[in-house]
Amino acid sequence: MTTMTVMAPAMRTSLVPSYCRRISAAALLVVLADILFYGQPVGITVFIFGTVLASTVVAMHPAALNDGRVWLKPAALFAALLPLVENVSPLSVLVAVAALAVFALSLAGRLRSEPARIARQLSLFLAAAPFRFARDFFRWRKAARELGQRRPQLTARVVWIMPLTLGVVFLALFGAANPIIEHWLSLIDLYALLEKIEIARLAFWLIVLAGVWAFLRPRLPRFVSRIRRVLPAAPVARPAKTSAEDILFGKAAIFRALIVFNALFAVQSALDAAYLWGGVALPDGLTYAAYAHRGAYPLVATALLAAGFVLVALRPGSETSKDPLIRGLVYLWVAQNIVLVISSMLRLDLYIDVYALTYLRIAAFIWMGLVAAGLALVIARIALQKSSEWLLSANLLTLSATLYACCFVNFAATIANFNVDHSLEMSGQGIPLDIAYVHSLGPAAFPALDRLIERQNPTLTMDEVMYRQLAAVQKSDKIRYRSAQQNWRAWSFRDWRLVRVLDNRGPLVLPPSAQPSAPGH
């Protein structure tokens, strides 16, 4: 008890200097954020700020540099920040924030080693991050007040309040009495200074301060451990009794369910093979596009439901997981689910060939691929007899790798190029191009729209007026885009490549049908 009493003042003694050091670093980061971001376009500045923030986190934890393999953490963080160099997007910012949080927690010695537990810690950290500064601020005031009561030398700063206050009053009186001092004071335009302080800017500073503080002093919320202490102890084990659940989800029920499920999935796969890939004629009034679209998303939901059933039916150590016949049926059923997901992807591909590409349809492709990978991991978990935590960690790693790779894919350019190249105006087949949607994709659609405008094809359905309007919009958009790229803060590797492409293409050349008519004709 005496030891705890002695340790508490020591902890409070180190608390105040630690807070002051972090407050100073946070204030400098706020100044840097104001210079880089406030009222400015975002680009390479996000990468610069993330790098400076990471360096500041290292400075707050110098003891972590004693580790011989400490270079691995900055190297991994640099790789996670690279998507910000390629392009600043919500996904690349999300990857960077998650990597910075993991980096800060690891330097503070608060990070677990398993991916599943890291994901849980990361969720708790990000959920509590906006409120960390307010909580620590009040805690710091309390610690400073208690420390000042025990250490009178710290209260020496307080004695400056009265002299400085009266000094300001005397200075104002001298200014009224002395013209020279009055002239000096008139050079200080307080109203101009106050006008520069905007409410929006103050809110921006507070948001940045709260954000960077969570990384400078990484902590996890303590309510989880408190809940665990409040929860009652586990009940004493009692002799097992046969219940309705044991009968409905027992070995015999699961065996029969797997037989029924395999038969149903085989029928579905056979229908897809016959109608979609075998060329069998569909019933009257049903098109191949409608057939493909109706089944794309429900089949993925079916695969997810099947995966959940498998995880429940073959729990590690259960009686069903040890039966070789049931395991074989599970392997067959999961394999059919993977085929079903692949069929869903092919269905979606057929639908896109008819109705063009969008962000949501690309996201559906990625989601279906993740579902197929998750099903494959379910088979691996059963075959290798791994735990549910291993399966969760493997899926999290797969998801993280996929999101990281997506940061380097220019989806806007992909959509624009596909829709333009497969449009009625360019190929003479398909549906007319949704020009408004392609234009909404932003500067990445410039090259695709230029190809559309320069296309000289007598079968085009776009009239002369629409051509000229589109060319005028393209010209004004490019002028604004190039003007924005003059600011170094807006630089990104993707924009740099796009500017080079636009420079190499030269000025836009209209087809003869879209050229303005000469006077008198």
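**Note on a predicted model: charged pairs, cores and a cavity**

1. Glu-86 is buried, with a relative accessible area of 6%, and it is worth beginning with this residue while keeping in mind that the model is predicted. The side chain of Glu-86 meets that of Arg-497 in a salt bridge, at 2.9 Å from N to O. This pair links distant parts of the chain, since Glu-86 belongs to helix α3 (residues 72-86) and Arg-497 to helix α22 (residues 493-505), 411 residues apart. Unlike a residue under the 20% limit for burial, Arg-497 is partly exposed, with a relative accessible area of 31%.

2. In the whole structure, a search finds eight salt bridges. One of them joins the side chains of Arg-201 and Asp-34, at 2.8 Å from N to O, and here too distant parts of the chain are linked, with Arg-201 in helix α9 (residues 199-216) and Asp-34 in helix α1, 167 residues apart. Asp-34 counts as buried at 14% relative accessibility, whereas Arg-201 is partly exposed at 22%.

3. Arg-480 and Asp-477 form a salt bridge of 2.3 Å, N to O, but both lie in helix α21 (residues 464-484), three residues apart, which is about one turn of the helix. Asp-477 counts as buried at 11% relative accessibility, while Arg-480, at 55%, counts as exposed. Salt bridges that share partners also join Glu-86, Arg-494 and Arg-497 into one network.

4. Turning to the nonpolar residues, the largest core has 52 of them, and those with the most contacts inside it are Val-330 and Leu-375. Helix α14 (residues 324-355) gives the most to this core, with ten residues. Leaving aside neighbours within four places in sequence, Val-330 is in contact with Leu-258, Val-310, Leu-314 and Ile-382. Another core, of 42 residues, lies apart from it and includes Ala-99, Leu-107, Phe-125 and Cys-407.

5. Phe-125 also appears in the lining of the second largest cavity, together with Ala-128, Ala-129, Arg-132, Ala-214, Arg-217, Pro-218 and Arg-219. This cavity has a volume of about 30 Å³, and its lining has five nonpolar, no polar and three charged residues. Helix α5 (residues 115-150) gives the most to that lining, with four residues.

6. Arg-217, one of the lining residues, is touched by Arg-22, which also touches Met-60, His-61, Trp-213 and Leu-216 when residues up to four places away in sequence are not counted. Arg-22 has its place in helix α1 (residues 2-36) and is buried, with a relative accessible area of 6%.

How values were computed
Residues numbered from 1 in each chain as written. Predicted model: local features only at pLDDT ≥ 70, side-chain atom pairs only at ≥ 80, totals over all residues. Heavy atoms only, no water. Core = buried A, V, L, I, M, F, W, Y, C linked by side-chain atoms within 4.5 Å. Buried < 20%, exposed > 50% of the residue type's maximum accessible area, 1.4 Å probe, protein only. Helix = DSSP H or I, 4+ residues; strand = E, 2+ residues; numbered from the N terminus. Contact = heavy atoms within 4.5 Å. 1 Å grid on protein atoms, 1.4 Å probe; cavity = no way out; pocket = protein on both sides within 12 Å on 5 of 7 lines; lining within 4 Å. Points joined across faces, edges and corners; volume = space filled by probe spheres on them. Nonpolar A, V, L, I, M, F, W, Y, C, P; charged D, E, K, R; others polar. Salt bridge = Lys/Arg side-chain N within 4 Å of Asp/Glu carboxyl O.
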